[in-house]
Amino acid sequence: MKWENIDDKAKRIVLRITAKLAEEQEEERDDSESLLVEDMLGAKFFEEEMARRGKYDGRKAFRRLQNRQRGIIIRRISAVACSVLILVGISWLFWMKPEALPVTNATPGERQVVLQLSGGKQIVLGGKDSLRIDEKGEAIQVNGGLIAYNKGIRKEKKEMVYNTLLVPRGGEFRVELSDGTIVHLNADSELKYPVAFSEKERKVFLKGEAWFEVTKNSESPFYVMTDDIRVKVLGTSFNVNTHGMKSTQAVLVEGSIGVKAKNTPKEIHVHPGQMAEYRRESGEIWLKEVDTRQYTAWKEGIFYFNDETLEDIMGELTRWYDMEVFFRSDAVKALHFSGYLRRYEDIRKILATVTESTGVKFDIKDKTIIVN
């Protein structure tokens with residue numbers, strides 16, 4: 001049956017139930033339709049009705065839906081909501097087949113990176129390159145996607161020598177700093193760091209996203225400097241991301257860190273399992289408990305989206321696949337999506353999974369993803 005052939009009252013009820021499930025604002029009404037909508041949203045109604053029919057178990061259906069969606073958990077849909085969708089006829093969610101997308105040559109994670117030496121010389125590196133570089137008497141070893149520096153510290157009288165690693169969209173790379181700290185840079189990121197750290201402190205400068213495994217040294221604190229915040233570390237594992245349009249985030253997995261906004265003296269102490277989020281509009285840092293996997297799974301080759309907007313998701317996908325995005329409608333930007341997706345999958349498979357879960361369709365033209 002086509003949507004235009006459905007009775008007008010039935011259409012209104014379907015739309016109002018959908019709005020309720022999405023927690024969208026709706027003006028107050030006092031009519032028979034409102035009572036019907038509320039009755040249909042009651043869990044008891046569904047349980048009794050399905051038990052009477054003896055043909056359907058909402059909880060089992062929801063588990064089947066989870067399996068079919070390959071682990072995708074649809075925003076705000078519980079077993080009861082799943083029943084609502086079936087009763088009101090939104091059955092496309094279960095059997096809709098996404099349209100095939102044109103082939104794209106985007107190869108994630110394999111873009112060449114640039115190592116800029118202290119004198120300005122730039123060396124282009126690939127993930128399989130193996131070579132040795134001399135930087136003012138210091139040896140730099142490149143091997144299999146890792147840049148490693150000689151262990152040691154700089155004597156205070158010697159000149160501080162900096163290198164910069166520039167990772168483009170569609171790339172990633174790792175650096176082992178002179179103190180043994182490992183930094184894994186995500187796509188579209190930049191890290192400036194000394195070839196050898198000083199005795200008093202260890203300081204690096206980040207734009208973009210990186211995972212840090214900092215070597216412990218109580219006498220020499222480690223600092224990550226961004227445009228918005230300073231992260232102070234003694235030895236720990238954490239993720240810093242400046243890509244957000246509205247905020248910069250520091251997520252702690254192990255150890256402890258202190259986060260402070262620039263130009264303010266107050267430092268926020270962060271415990272494992274917490275995120276410090278600097279909100280640019282207010283200039284404040286907010287602290288909250290999080291599932292750290294959502295913010296660190298990228299380094300394991302996984303996209304982990306947890307109730308994120310389609311706009312934020314497309315931002316991350318286009319950075320990784322080195323593509324652009326065009327939304328035909330601003331309304332779809334606010335749609336939410338949750339799920340696990342493999343970062344090294346073809347972009348077509350990623351988008352097809354999002355289509356199955358949200359109904360949003362995508363086209364690919366050259367290097368642009370068009371969101372319909």
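Two exercises on a predicted model follow, each with a worked solution.

**Exercise 1. The largest cavity**

Determine how many cavities of 30 Å³ or more the model has, and describe the lining of the largest cavity by residue, class and helix.

Solution.

1. Counting cavities of 30 Å³ or more gives one.
2. The space in the largest cavity comes to about 60 Å³.
3. Its lining consists of Asn186, Ala187, Glu209, His243, Glu316, Arg319, Trp320 and Arg343.
4. Sorted by class, four of the lining residues are charged, two are polar and two are nonpolar.
5. The element that gives the most to this lining is helix H8, residues 310–321, with three residues.

**Exercise 2. Helix H9**

For helix H9, residues 347–358, compare the span with the expected value, then establish how many of its residues are buried and what is found at its N-terminal end and just after the helix.

Solution.

1. H9 has twelve residues, and 16 Å is expected at 1.5 Å a residue. From first to last C-alpha the helix reaches 17 Å, which is close to that value.
2. Buried means under 20% relative accessible area. The residues of H9 that meet this are Ile347, Ile350, Leu351, Ala352, Thr353, Val354, Thr355, Glu356 and Ser357.
3. Nine of the twelve residues are therefore buried, so H9 is largely enclosed by the rest of the structure.
4. At the N-terminal end, Asp346 acts as the cap, with a side-chain oxygen 2.8 Å from the backbone nitrogen of Arg348.
5. Just after H9 comes Gly359, whose phi is positive, at about 85°.

Notes
Residues numbered from 1 in each chain as written. Predicted model: local features only at pLDDT ≥ 70, side-chain atom pairs only at ≥ 80, totals over all residues. Heavy atoms only, no water. 1 Å grid on protein atoms, 1.4 Å probe; cavity = no way out; pocket = protein on both sides within 12 Å on 5 of 7 lines; lining within 4 Å. Points joined across faces, edges and corners; volume = space filled by probe spheres on them. Helix = DSSP H or I, 4+ residues; strand = E, 2+ residues; numbered from the N terminus. Nonpolar A, V, L, I, M, F, W, Y, C, P; charged D, E, K, R; others polar. Expected span 1.5 Å × (residues − 1). Buried < 20%, exposed > 50% of the residue type's maximum accessible area, 1.4 Å probe, protein only. Polar contact = N/O pair within 3.5 Å; in protein donor to acceptor, adjacent residues only side chain to side chain.
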